Amino acid sequence: MNFPWFSTVAVRSADGTFSSVHTLRPKAARSLWDDLAILVLVAVTMWVFLVFRDYGLTHDEEVQNIYGEKLLSWYLSGFADDSAFSYLDLFWYGGLFDLAAAILNKFSPVGVYETRHLLGGLVGVLGLAGAWRLGRLVRGPRAGFLAMALLAATPAYVGHSFNNPKDAPFAVAMIWAILALAKAVRALPRPPVSTVVGLGCAIGLALSIRVGALLLLGYAGLAVILHLGLAQRQFGWGEVKRQAPPILRRVVLVLVIAYAIIAVFWPWAVQNFANPLRALQHFSGYDIDIQSLFAGTLVEAPHLPPLYVLGYLTVTLPEMILVGLLLWGSALVPRKTPAAGDSWKTTALVALAAFFPILFFIVTRPTAYDGIRHFLFVIPPLVVLAALGIDRLWRRLEEGFPRLGTRVMALCLVCAGVMQGWLMGRLHPNEYIYYNALVGGVAGAEGQWELDYWSNSMHEAVVALADLVRLENGGVPPATPVAVAACGNDLSASYFFPPYLKLTTSLADARFIIAFTQADCWKTWRGRPVVEIERFGAVLSVVKDRRGLSNPGEE
């Protein structure tokens, strides 16, 4: 029987006999890895549709939803309703995701926030596709597949995709922008128009979420300078003068396209040419009274230790990604033969995108909080580098042990993937609280590192409380709604209330209280614990029964 991915060759053994051996055809092997990647993308997309209702409502989602509605109202009112440009501090952000969600909610058959979670999950799948294409561009189909699979097995990325309306979409936009920039860099000095247009669109979309995408302009400028520097070194200044004009024309086109896209999704930014720079300055010196746990110590957001980001990445990335990064780093040792083609350029660009923001934080220490979420955008390029490291080891094993090495490598990766999938399944839908074995997992991270800082688990607590109330009433909903207080963001709980639960802000009236463990009130507010939402022994949210308390209004 013939298989499209294999070819049969005759191999002569030591005793002179011949046997048939099936080997992967080079072109078919590329097709195999690409087919596997597409299969995984389809599977993950189906999974998104199955689970998007499981996720809770984070603290930022209400105001981000209002911001999106206000942006849509600006367009629908013929630019008369400009309240979006003075709503809280959200005009400092681009409104790409929120505007898209507001438009989608006009037609969606599911709830407002369920729609946003579905959109976020699908955007997360788009990020997996970006990691696949970038890994494929740098090292080939297998590296692309590994990058996509590793990102899909990264709990921080998966968990944030559904209900983080700023950082997760920004991470997706950035990985596609890096891909577009890599293609342009490889084609210098005359990238095709399609590549230039794609780069302009990618940068514009990234800036339409967060102003931090200005980093891309720095990466692009550095790439052009290095390219022209190499041209001068090899061919002299005459070559630089020849190449500079076509590069400059393409740079201008990129900027024009990016600016046009920003005008659509972040209209405040184009009302004054300096507004994006003002936004960048605002976030660089952002002063907010929030504390975060870092290795057991509460640290203030404006005064974080230099290793805050690096420390969080070290303990929140899965072990197989850390191993892949170490393998990639070992490849930096000088070799006799340089990498073929232009792969070193794209690898250097990915490394720059992965490590420069971390180094920038170490040096400047801008405001950050809530664990790693503000630097979620460095995870996809880190994952791509890890995939390159694993692929390099795989190639070495193939060279030294053609049959055994490949099988052992595949078996190890499958086992690691199954184990990671099991962990993520146990955490669902709280994947973003994952910690690796370096700190003892989630159980070891409790009280030492941030866990459910966005009260995602309160959704699950509401469901458990609703079941309890119904069970106490003979299995049917009570006729009179039961008053429930919430410690945390009220909407994170009340949005999921059935009709027989109602939110109250009066402790004297509250029959139950729902609290996430990030705040101290879950300990200070009295009541008998009747529900605990936990993962691996770490308590994320609790429900306390306050019925029967003496003086329930006093705490």
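Colleague: Which residue's side chain meets Asp467 in a salt bridge?

Modeller: Keep in mind that this is a predicted model. Asp467 sits in helix 18 (residues 458–472), and its partner lies in that helix too, 3 residues away, or about one turn. The N to O distance is 2.6 Å, and the partner is Arg470.

Colleague: Is Asp467 buried, partly exposed or exposed?

Modeller: Buried would need under 20% relative accessible area, and exposed would need over 50%. Asp467 has 37%, so it falls in between and counts as partly exposed.

Colleague: How many residues apart in sequence are the parts that Asp60 and Arg373 tie together?

Modeller: These two form a salt bridge, with their closest N and O atoms 3.7 Å apart. Both Asp60 and Arg373 are buried. Asp60 belongs to the loop between helix 1 (26–51) and helix 2 (61–76), while Arg373 belongs to the loop between helix 14 (343–364) and helix 15 (379–400), so the parts they tie together are 313 residues apart.

Colleague: Which residues are linked with Asp60 and Arg373 in a network of salt bridges?

Modeller: Side chains of opposite charge can pair when their charged atoms come close. Here the network takes in Asp60 and Arg373, and the others linked with them are Lys166, Asp167, Arg210 and Asp370.

Colleague: What is the relative accessible area of Asp391, which pairs with Arg139?

Modeller: The Asp391–Arg139 salt bridge has its closest N and O atoms 3.8 Å apart. It links helix 15, home of Asp391, with helix 4 (residues 112–139), home of Arg139, across 252 residues. Arg139 counts as partly exposed at 27%, whereas Asp391 is buried, with a relative accessible area of 0%.

Colleague: How many nonpolar residues does the contact of helix 8 with helix 10 have?

Modeller: Helix 8 (residues 193–207) packs against helix 10 at about 40°, with the axes 7 Å apart. The crossing is right-handed. Residues making the contact include Val196, Leu199 and Ile203 of helix 8 and Leu253, Ile257 and Ile261 of helix 10. By class, 2 residues of the contact are polar, 1 is charged, and the nonpolar ones number 14.

Colleague: Why is helix 5 described as largely enclosed by the rest of the structure?

Modeller: Helix 5 (residues 141–152) has 12 residues and reaches 17 Å from its first C-alpha to its last, close to the expected 16 Å. Its buried residues include Phe145, Leu146 and Met148. It is largely enclosed because the buried residues number 10 of the 12.

How values were computed. Residues numbered from 1 in each chain as written. Predicted model: local features only at pLDDT ≥ 70, side-chain atom pairs only at ≥ 80, totals over all residues. Heavy atoms only, no water. Helix = DSSP H or I, 4+ residues; strand = E, 2+ residues; numbered from the N terminus. Expected span 1.5 Å × (residues − 1). Buried < 20%, exposed > 50% of the residue type's maximum accessible area, 1.4 Å probe, protein only. Axes fitted to C-alpha atoms, helices over the stretch in contact; angles between N-to-C directions. Left-handed = near helix turned anticlockwise from the far one by under 90°. Contact = heavy atoms within 4.5 Å. Nonpolar A, V, L, I, M, F, W, Y, C, P; charged D, E, K, R; others polar. Salt bridge = Lys/Arg side-chain N within 4 Å of Asp/Glu carboxyl O.
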